[in-house]
Amino acid sequence: MKRFDCMTALAARLKDELVILSLGASVDEWYNAAPHMRTASLFQQQLGCVTPQAFGLAAGLPHRRVVSLDTDGGMMFNLGILATLGNEQPKNLFVVVWDNECYQSIGGPPTHTAFGRVDIAAIARGCGVDHAFTARTVEEFDAHCQAGLSADVPYLVVAKVAGSVQPDIRRKHSDGREDKYIFVRHVEASESVVIMGPSEHN
C-alpha cells in the first residue's frame, strides 16, 4: 500500500490532535495529505526523536490526543522508547510507524525490517505496548486509526508501505525553524498558555 493513501485516511480522522513527524519524503506527503493539520504538525524531527517527542507532548498535555508519525528507520534508532511507553502507558498517544523497509531519503538502503526477521509491532508488544499491530492494506490501517485515536492506552500500528513517493505534490515551503514557531504558536493558542514568551533582548 502507499503511504500517501494511508496519510489521507488518517488525516480525514484528525481535527484537534497534535502531530509529530519525521524528516524525509513523508514531510511533503503529510503537508499535502493533511493541509488542515498544518499548524498542528511539527515537521522534520530527527531519526530516533519522533516518538520520544510525541510521548513528552502527550505527558505534558494528557487531555490532548497526540499522534506520532514515525518511520522504521527512526524507530530502530531508539527502541528504548517502546519500553518507556510500555511502562508509562500514556492514554493519549497514537503511534504510526511507516515501514517501507528502507532509508528512502538517502537512496534506499535497507533497514532491519527488510530481511523478514525484525517485527516492530512484536517488539512493542514485548515492551508492554499490548495494542501494537501491523497493517498491510489501507482498510486495515484505517481501522487501526479509528481504534487508536479513541483508545485509552498507547496504541501502535506499523504500516507496511511501498518505497515510492507520491508524485507531483507540493513541497513544504518552510524550514525547520519556522515550523517550530508555527507549531508552538498553535499549541499556545489552542491551550491558552505561553510557551515561548517575548525575548529579554527585544
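Let me start with one pairing: the bridge partner of Leu-21 in strand β3 is Leu-69, and I should say at once that this comes from a predicted model. Beside that pair, Ile-20 has Ser-68 as its bridge partner in β3, and in total four bridges join β1, residues 18–22, to β3, with the two strands running parallel.

Staying with β1, five of its five residues are buried. Leu-18, Ile-20 and Ser-22 point one way from the strand, while Val-19 and Leu-21 point the other way. On its pairing with β2, residues 41–45, there are three bridges, again parallel, and Ser-22 finds its bridge partner in Gln-45. To get from β1 to β2 the chain passes through helix α2, residues 25–33, and this β-α-β crossover is right-handed.

Turning to β3, residues 66–71, we find that six of its six residues are buried, with Val-66, Ser-68 and Asp-70 covered on one side and Val-67, Leu-69 and Thr-71 covered on the other. Besides β1, strand β3 also pairs with β4, residues 93–99, through six bridges in a parallel arrangement, and here Val-66 is partnered by Leu-93.

Finally, helix α3, which spans residues 50–60, has Val-50, Thr-51, Ala-54, Phe-55, Leu-57 and Ala-58 buried. Seen down the axis of α3, these buried residues fall within an arc of 165°, and so they line one face of the helix. In general, an α-helix has 3.6 residues a turn, so residues three or four places apart point the same way. On the other side of α3, Ala-59 and Gly-60 are exposed.

Notes. Residues numbered from 1 in each chain as written. Predicted model: local features only at pLDDT ≥ 70, side-chain atom pairs only at ≥ 80, totals over all residues. Heavy atoms only, no water. Buried < 20%, exposed > 50% of the residue type's maximum accessible area, 1.4 Å probe, protein only. Arc of directions from axis to C-beta. Pairing = 2+ DSSP bridges. Right-handed = clockwise from strand over helix to strand, strands pointing away.
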